[in-house]
Amino acid sequence: MSENSPDLEDDTGTFESGLPGFLGTIDVFISKLEAFLLAAGVMLMAINTCINVIARYVLGEGLFFSGEVNRILIILITFAGIGYAARHGRHIRMSAVYDTIPVKGRRVLMIFIALITSVLMFFLCYHSYFWIETLFSRGRILPALGIEIWWIYIWAPVGFAITGIQYFLTAIKNLTSKDVYLSTGVTDGYADTESEV
């Protein structure tokens, strides 16, 4: 890096919640759970895929269960990842109008956005629960692993619930702070990543 390049904040270390007391404890616990699930899911998927490729070329036949394992892990990573993205302020923002509003207005708007998004996540959690109940009643199983199919989709309501909690905590953080927060630990703003040549 050159002398003029800005230091970018590293959010891959330990997470510290910006919330006080019990809410902060919940926030940190959920953060650790998400980090573990994402790391384990990606590592297991990489190992599973590599072993399957090696088996295919060495033994002439891949692992019969590899595709189903990767399917399970993709679902896990997707629904654990939505909470992670919300926690680290990495969700997509369309902010042309939002950026023109003064700080107080942005904070009010962020509270509204976080609360509406939280309600939507809990709504999706509610409906995904009944979707899993439907899958359970059908009794379908994965052909290679023999696991009932509803087990692999259990991550949908869990992921939606965690994301709903995260957005609710973000609304609380904005209610109790003078700054604007994208999540409980990420303030609103843009990093200047350009450097002079």
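When I say that two residues touch or are in contact, I mean that they have heavy atoms within 4.5 Å of each other, and I should add at once that what we are looking at is a predicted model.

Let me start with Ile-162, which lies in helix H4, residues 155–175. Setting aside residues up to four places away in sequence, Ile-162 touches Ile-30, Leu-33, Glu-34 and Gly-83. Is Ile-162 buried or exposed? Its relative accessibility is 14%, and because buried means under 20%, Ile-162 counts as buried. There is also a backbone distance to mention here: the C-alpha atoms of Ile-162 and Arg-87 are separated by 9.8 Å, although these two residues are 75 apart along the chain.

Turning now to the nonpolar cores, the largest has 9 residues, among them Ile-72, Ile-75, Leu-135, Leu-142 and Trp-150. Helix H2, residues 66–87, and helix H3, residues 103–138, each supply at least two residues of this core. Ile-132 is also one of its members, and, leaving aside neighbours within four places in sequence, Ile-132 is in contact with Trp-150, Tyr-153, Ile-154 and Pro-157. A second core, separate from that one, has 6 residues, including Met-45, Leu-73, Leu-76 and Ala-80.

Finally, the surface. Met-43, Ile-47 and Ile-51 make a nonpolar surface patch of about 290 Å². Of these, Ile-47 lies in helix H1, residues 21–58, and its relative accessible area is 44%, so Ile-47 is classed as partly exposed. As general background, nonpolar side chains in soluble globular proteins tend to be buried together.

Technical notes:
Residues are numbered from 1 along each chain as its sequence is written. This is a predicted model: local features need pLDDT of at least 70, side-chain atom pairs count only at pLDDT 80 or more; totals for chains, interfaces and linings use all residues. Side-chain values use heavy atoms; hydrogens and water are left out. A nonpolar core is a set of buried Ala, Val, Leu, Ile, Met, Phe, Trp, Tyr and Cys residues joined through side-chain atoms within 4.5 Å. Buried means under 20% relative accessible area, exposed over 50%, partly exposed in between (1.4 Å probe, protein chains only). Helices (H or I, at least four residues) and strands (E, at least two) are DSSP runs, numbered from the N terminus. Patches are made of residues with over 30% relative accessible area and no salt bridge: like charges are joined within 9 Å, nonpolar side chains (Val, Leu, Ile, Met, Phe, Trp, Tyr) within 5 Å. Accessible areas come from the Shrake-Rupley method with a 1.4 Å probe; for residues, only the protein chains shown count as cover. A salt bridge is a side-chain nitrogen of Lys or Arg within 4 Å of a carboxyl oxygen of Asp or Glu.
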